[in-house]
Amino acid sequence: MLIRSTRFYQPIQMKILKTEKTLLVIEDELAILRFLRSSLEQTGWNIIEAPTGRIGLESAASKKPDVILLDLGLPDQDGFLVLKSLRQWTSAPIIIISARGQEGDKIRGLDAGADDYLTKPFGIPELMARLRVALRHIERSSKDSLPVYKHQGLKVDLVARKVWIRRKEIHLPPMQYDLLAVLVRNAGRIVSHSQLMKQVWGENRDVTDEAVRIFIFNLRHKIESDPVRPRWLKTEPGVGYRLEAPDEEPPSH
């Protein structure tokens, strides 16, 4: 089954505002398609179903969905090929949903341009959280100014290049700040080791995974009160890191 327990289902419906956004689901398992449609349409999502990679690519081009869910095990072509084709012309967030839970598949998907990766089975609350993150990234990317990240006492202003922990400003060495800035720009999403290397050190630097781990270790000791049990900067084992999604902005009136 896709969802681990139906006890999560009713409470999550009550908390989510209707999105009125379009979600393309490239997935060939009919039971999953039916379940996603019945679960997500009640929260305002307009669902487009695509049971093959070819139909998925055609639907993405013609319907212009806001977010794409992509299964890797498609009947006509490998999902990684579909992902590669999509990333040649669309910037819509792509979340991989797959039974392939190996670290190598996750890294390959993220490095190929996926925004997130969910391993089946997963719960509707977890999926909705990832979709909310995707929508916030769309909103932030449409703005001219860089965001100010806030989450439970951590604040990062990317314009001023300043960091506060519970209203107390802290000073980070340049490389630690650059790492944090990349994670802030991708808050709520997994950032792989190779993505961090490229965005912080560039293509031509000789940087290893172990070096990235050391920098993350030092960054945690700067911002986390308990680096062993981090509140903000979480490890995705074997894949990379995820900075917790920012606090929800209050609705404007």
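Let's start at the pairing of β10 with strand β12 (residues 240–243): in this predicted model, the two run antiparallel and are joined over three bridges. If you want a landmark for finding the pair on your screen, look for S192, which stands opposite G240 in β12.

From here you can widen the view to the open sheet, which three strands form in the order β10-β12-β11, with antiparallel pairing. Why is one side of β10 and of β11 left without a neighbour in the sheet? Both β10 (190–192) and β11 (233–236) stand at the edges, and each has a single partner strand, so one side of each has no neighbour there. As you follow the sheet across, the twist from one strand to the next averages 30 degrees.

Now bring in the helices around these strands. Helix α8, made of residues 193–201, lies across β10 and β12 and runs at about 75 degrees to β10. Helix α9 (residues 209–223) also packs on the sheet, where it touches β11 and β12. The direction of α9 makes about 150 degrees with that of β11.

Finally, step back to the whole protein, where you will find nine helices and twelve strands. How much of the chain is buried? Of its 253 residues, 49% count as buried. The protein exposes about 13,400 Å², and 51% of that area is supplied by carbon and sulfur atoms. The contacts add a view along the sequence: taking those between residues at least 6 apart, 62% join residues at least 24 apart.

Terms used: Residues numbered from 1 in each chain as written. Predicted model: local features only at pLDDT ≥ 70, side-chain atom pairs only at ≥ 80, totals over all residues. Heavy atoms only, no water. Helix = DSSP H or I, 4+ residues; strand = E, 2+ residues; numbered from the N terminus. Buried < 20%, exposed > 50% of the residue type's maximum accessible area, 1.4 Å probe, protein only. Contact = heavy atoms within 4.5 Å. Areas by Shrake-Rupley, 256 points an atom, 1.4 Å probe, with all protein chains shown as cover. Pairing = 2+ DSSP bridges. Axes fitted to C-alpha atoms, helices over the stretch in contact; angles between N-to-C directions.
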